[in-house]
Amino acid sequence: EEFEEHASELGIRNDSHVVVYDNNEAGLFSAARAWWTFRIFGHNNVSVLNGGLPKWLECGYEVDEGPPEEMTASSFKVNEFRPHLLRRFQEIKANIQSNAEQVTDARSEGRFNGTEPEPRPELPSGHIP
């Protein structure tokens, strides 16, 4: 219900093609998580802009610099929750041995390698094996 509410407030409809992107230097930060969230709630028509806003600007594409237009609310509905896209701790541990599935980590290289601090101090640095 909360996801439906937020998507609706942004004017996203069930027939919308949602393009998510980041605007940081690396070009990828939270867009992958937004893509996955739409997918787990059954919305297939979602894409990640390769390279994010930095690449868009580097290619010379246009951007609007004024305030965004006011969004007209919609009535987005979650058609299907996909629990098969979730993995629990024990499943991830088992996958370390089996390599049956690819695990994707969208953090920066420094955070992945443990050479940059995590933005949340309570989290350890580095990655799973």
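Helices and strands are here DSSP runs, a helix (H or I) having at least four residues and a strand (E) at least two, numbered from the N terminus. In this predicted model, the helix α2 spans residues 31–40 and is followed by G42, whose phi is positive, near 85°.

Helix α2 is a convenient place to enter the structure. Its residues A31, F38 and I40 are buried, and the buried residues of the helix pack against α1, β1 and β2. Of these partners, α1 covers residues 2–9 and β1 covers residues 18–20, while β2 covers residues 46–48. The contacts of A31 illustrate this packing: leaving aside residues up to four places away in sequence, A31 touches V20, Y21, D22 and V48.

A31 and F38 also belong to the largest nonpolar core, which has nine residues. The other members of that core are F3, A7, I12, V18, V20, V46 and F76. At least two residues of the core are supplied by each of α1, β1 and α2. In soluble globular proteins, nonpolar side chains tend to be buried together.

From the core, the description turns to the pockets. The space in the largest pocket amounts to about 1,600 Å³. Its lining comprises 34 residues, and R33, V103, T104, D105 and A106 are the closest to the pocket centre. Two or more lining residues come from each of α2, α4 (89–98) and α5 (109–113). Sorted by class, the lining of the largest pocket holds 16 nonpolar, seven polar and eleven charged residues.

The second largest pocket contains about 840 Å³ of space. Of the 23 residues in its lining, those closest to the centre are L10, V19, Y21, P68 and M71. Helix α2 contributes here as well, since α1, β1, α2 and α3 (52–58) each supply at least two lining residues. The class composition of this second lining is 16 nonpolar, four polar and three charged residues.

One of the residues closest to the centre of the largest pocket, V103, lies in the loop between α4 and α5. V103 counts as partly exposed because its relative accessibility is 46%, and the partly exposed class lies between the buried limit of under 20% and the exposed limit of over 50%. Beyond residues up to four places away in sequence, V103 touches I92, N95 and I128. The C-alpha atoms of V103 and I92 are separated by 8.4 Å, the two residues being eleven apart along the chain.

The loop between α4 and α5 also holds N99. This residue is not a glycine, although its phi is positive, at about 55°. With a relative accessible area of 61%, N99 is exposed.

Past this loop, helix α5 contains R111. Is R111 buried or exposed? Its relative accessible area is 12%, so R111 is buried. The side chains of R111 and E118 are joined by a polar contact of 2.6 Å. With residues up to four places away in sequence again set aside, R111 touches F29, E116, P117, E118, P119, S125 and G126. E118 thus appears both in the polar contact with R111 and among the residues that R111 touches.

Note on methods: Residues are numbered from 1 along each chain as its sequence is written. This is a predicted model: local features need pLDDT of at least 70, side-chain atom pairs count only at pLDDT 80 or more; totals for chains, interfaces and linings use all residues. Side-chain values use heavy atoms; hydrogens and water are left out. On a 1 Å grid over the protein atoms alone, a cavity is a set of points where a 1.4 Å probe fits but cannot get out, and a pocket is an open set with protein on both sides within 12 Å along at least five of seven lines; lining residues have an atom within 4 Å of a point. Grid points are joined across faces, edges and corners, and a volume is the space filled by probe spheres set on the points. Ala, Val, Leu, Ile, Met, Phe, Trp, Tyr, Cys and Pro count as nonpolar, Asp, Glu, Lys and Arg as charged, and the others, Gly among them, as polar. A nonpolar core is a set of buried Ala, Val, Leu, Ile, Met, Phe, Trp, Tyr and Cys residues joined through side-chain atoms within 4.5 Å. Buried means under 20% relative accessible area, exposed over 50%, partly exposed in between (1.4 Å probe, protein chains only). Contact means heavy atoms within 4.5 Å. A polar contact is a pair of N or O atoms within 3.5 Å; within protein, one must be able to donate a hydrogen and the other to accept it, and residues adjacent in sequence count only if both atoms are side-chain atoms.
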